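Take a moment with the sequence and the model before you read on. Turn the model around slowly. Then follow the tour below.

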Amino acid sequence: MNNDILKVLYSKEEIEEACQRLGKEISKTYAGKTPVVVGVLKGAIFFMTDIVRAVDAYVQIDFIDVSSYHGATESSGTVELMQDINTDIKGRDVLIVEDIVDTGRTLKFLQDTFADRGANSIKVCTLLDKPAGREVHAESDFIGFKVPNEFVVGYGLDYDEKYRNLPYIGVLKPEIYTNK
Ligand code: PRP
Ligand code: MN
Ligand code: MG
């Protein structure tokens with residue numbers, strides 16, 4: 001699996017550092033509050049577990065499963081809700097935790113959904129932000145890294161549902177896509 005990687009963009013150590021930095025920012029923002037932190041499956045699984053443990057504030061956690069890439073390198077354009085949260089977020093402060101914001105469609109869908117349900121506030125923490133990929137307006141409040149316009153895998157991010165378990169974030173060798 002590691003042999004399929006062309007280059008490492010962010011090492012395990014760099015990701016850990018980013019989580020600590022973001023954890024401090026989030027702790028300040030939510031001091032005295034108890035936000036509902038919503039991890040977006042499956043991509044945000046590892047980031048979610050690392051970020052909430054870097055936050056010194058009371059939090060509730062929940063998960064939502066949405067999908068639009070279905071393992072491919074390009075978005076299908078439709079965000080499908082696979083499994084919803086079970087917390088009532090009316091009047092609550094919601095923090096969405098994403099692995100990456102690319103076209104912005106997934107995030108926009110989540111922001112609209114939680115706004116419709118009457119959340120008091122909605123903020124977003126994403127490990128990776130790819131501004132060059134944006135097709136709809138959806139921005140984050142806490143950002144780990146701004147990434148170049150390349151398809152990245154690892155630390156939760158998949159290609160064809162694989163590579164999520166890499167401990168770092170990297171770029172695949174081009175032949176991995178073309179040999180499929
Ligand atoms: C990926 C990623 C984000 C979203 C970002 O999820 O984890 O949730 O796409 O892309 P966008 O800004 O273009 O919407 P995906 O649909 O691949 O599902 P997964 O998390 O289960 O891999
Ligand atoms: Mn995802
Ligand atoms: Mg995916």
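What follows walks through the sheets, the helices, the ligand site and a few unusual spots.

Keep one thing in mind from the start: this is a predicted model. The UniProt record, an unreviewed entry, lists residues 11-159 as "domain: Phosphoribosyltransferase". That span is 26% helix and 29% strand. Its end C-alpha atoms lie 18 Å apart.

Begin with the sheet of 6 strands. Strands of a sheet pair through backbone hydrogen bonds, either parallel or antiparallel. In this sheet the pairing is mixed. The sheet is open, and its strands come in the order 4-3-2-5-6-7. Which strands stand at the edges? They are strand 4 (80-83) and strand 7 (142-146). Each has a single partner strand, so one side of each is left without a neighbour in the sheet. From one strand to the next, the twist averages 30°.

Now look at strand 5, residues 93-101. Strand 5 is mostly covered, with 8 of its 9 residues buried. In the order of the sheet, strand 5 sits between strand 2 and strand 6. The pairing of strand 5 with strand 6 is parallel and runs over 8 bridges. Along this pairing, I96 faces V124 in strand 6. D93 likewise stands opposite S121 of strand 6. On the other side, strand 2 and strand 5 also pair in the parallel sense, over 4 bridges. There, V37 has L95 in strand 5 as its bridge partner.

Helices come next. Helix 1 packs on the sheet and touches strand 5, strand 6 and strand 7. The direction of helix 1 makes about 155° with that of strand 7. Helix 2 covers residues 45-53. Its buried residues are F46, F47, M48, D50 and I51. An α-helix has 3.6 residues a turn, so residues three or four places apart point the same way. Look for that pattern in the list for helix 2: F47 and D50 are both among the buried residues. What covers the buried residues of helix 2? The cover includes helix 1 (12-29), strand 2, strand 5 and strand 6 (121-129).

Move on to ligand 1. There are 19 residues around ligand 1. Of these, G43, Y69, D102, T103 and T106 come nearest. By class, the shell holds 6 nonpolar, 7 polar and 6 charged residues. Strand 2 (36-41), strand 5 and helix 3 (105-116) each supply at least two of the shell residues. Strand 5 gives the most, with 4 residues.

Strand 3 deserves a stop too. S67 lies in this strand, which spans residues 60-67. Is S67 buried or partly exposed? It counts as partly exposed, because 18 C-beta neighbours lie inside 10 Å. Leaving aside residues up to four places away in sequence, S67 touches E80 and M82. S67 and L157 are 90 residues apart along the chain, and their C-alpha atoms are separated by 12 Å.

There is also a sheet of 3 strands. It is open and antiparallel, with the order 1-9-8. Strand 1 (5-10) and strand 8 stand at the edges. Each has a single partner strand, so one side of each lacks a neighbour in the sheet. Strand 8 joins strand 9 through 2 bridges, and the two run antiparallel. V152 stands opposite V171 in strand 9.

Finish with some backbone oddities. Most residues other than glycine have a negative phi, and most peptide bonds are trans. Where does a cis peptide bond occur? It joins L41 and K42, with omega about -5°. K42 is in the loop between strand 2 and helix 2.

Two residues have a positive phi. Y155 has a phi near 50°, and E161 has a phi near 65°. Neither is a glycine. Y155 lies in the loop between strand 8 (152-153) and strand 9 (169-172). E161 lies in the loop between strand 8 and strand 9 too. Their surroundings can be read from the neighbour counts. Y155 is buried, because 25 other C-beta atoms lie within 10 Å. E161 counts as exposed, because it has 10 C-beta neighbours inside 10 Å.

Methods
Residues numbered from 1 in each chain as written. Chains lettered and ligands numbered in written order. Predicted model: local features only at pLDDT ≥ 70, side-chain atom pairs only at ≥ 80, totals over all residues. Buried ≥ 20, exposed ≤ 12 C-beta atoms within 10 Å, placed from the backbone. Contact = placed C-beta atoms within 7 Å. Near = placed C-beta within 6 Å. Nonpolar A, V, L, I, M, F, W, Y, C, P; charged D, E, K, R; others polar. UniProt positions renumbered as here; feature names shortened; annotations may be inferred. Pairing = 2+ DSSP bridges. Axes fitted to C-alpha atoms, helices over the stretch in contact; angles between N-to-C directions.
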